[in-house]
Amino acid sequence: KYFAKCGHNIVAIDQSHNGVEVAKKLENSISLIEDDFVKMDYSKFDSIDVVYSRFTIHAIKHTEEEMVIKKITSLLQKGGIFAIEVRSTKDPLCGVG
């Protein structure tokens, strides 16, 4: 919702059918796509200015990580932002739960 309030058009991608269905019930101003963010074709999007990845990059293989980052950065507008939020071994919650 934050990015939408800032005037961005939002496309949310989740490979979980249930996750997409729940999100559809909670938010109708965001386009939702059920897909695998590693394998999907990002070229269908034009005018990408911000990509926000939350708790995804750390959960894939290093080779997949490099591929996703390369795909996304090649599509970002000049001055675009690719923000990545990940879990870290320096997180005090690492290994808990």
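**Figure 1. A salt bridge within helix α2.** Which side chains meet in a salt bridge of 3.6 Å, N to O? In this predicted model, where residues are numbered from 1 along each chain as written, local features need pLDDT of at least 70 and side-chain atom pairs 80 or more, while totals for chains, interfaces and linings use all residues. Side-chain values use heavy atoms, leaving out hydrogens and water. The pair is E21 and K24 (a salt bridge puts a Lys or Arg side-chain nitrogen within 4 Å of an Asp or Glu carboxyl oxygen). Both sit in helix α2, three residues apart, so about one helical turn separates E21 from K24 (helices are DSSP runs of H or I, at least four residues, and strands are runs of E, at least two, numbered from the N terminus). E21 has a relative accessible area of 31%, which makes this glutamate partly exposed (buried is under 20%, exposed over 50%, partly exposed in between, with a 1.4 Å probe and protein chains only). K24 is partly exposed too, at 44%.

**Figure 2. A salt bridge from strand β4 to strand β3.** Now look at E85 and R54, whose side chains meet with an N to O distance of 3.5 Å. E85 belongs to β4 (residues 76-85) and R54 to β3, so this salt bridge ties together parts of the chain that are 31 residues apart in sequence. How accessible is E85 in relative terms? The value is 28%, so E85 counts as partly exposed. Its partner R54 comes out at 48% and is also partly exposed. A search through the whole structure turns up two salt bridges, so keep E21 with K24 and E85 with R54 in mind as you go round the model.

**Figure 3. I48, a residue of strand β3.** Is I48 buried or exposed? This isoleucine lies in strand β3, and its relative accessibility of 13% makes I48 buried. Set aside the neighbours within four places in sequence, and I48 is in contact with L75, L76 and Q77 (contact means heavy atoms within 4.5 Å). There's another residue to find here: G80 is 32 residues away from I48 along the chain, yet their C-alpha atoms are separated by 7.4 Å.

**Figure 4. The largest pocket and what lines it.** The largest pocket holds about 1200 Å³ of space (a pocket is an open set of 1 Å grid points where a 1.4 Å probe fits, with protein on both sides within 12 Å along at least five of seven lines; lining residues have an atom within 4 Å of a point). Which of its 38 lining residues come closest to the centre? They're I10, V11, A12, I13 and Y52. Two or more lining residues come from each of α1 (2-5), β1 (11-14), α2 (17-26), β3 (48-54) and α3 (62-75). Strand β3 gives the most, with seven residues.

**Figure 5. The whole chain, for orientation.** Zoom out and you can trace three helices and four strands, running α-β-α-β-β-α-β along the sequence. Taken along the principal axes, the C-alpha atoms fill a box of roughly 35 × 35 × 25 Å. What share of the 97 residues counts as buried? It's 19%. Among contacts between residues at least 6 apart in sequence, 55% join residues at least 24 apart.

Note on methods. Points joined across faces, edges and corners; volume = space filled by probe spheres on them.
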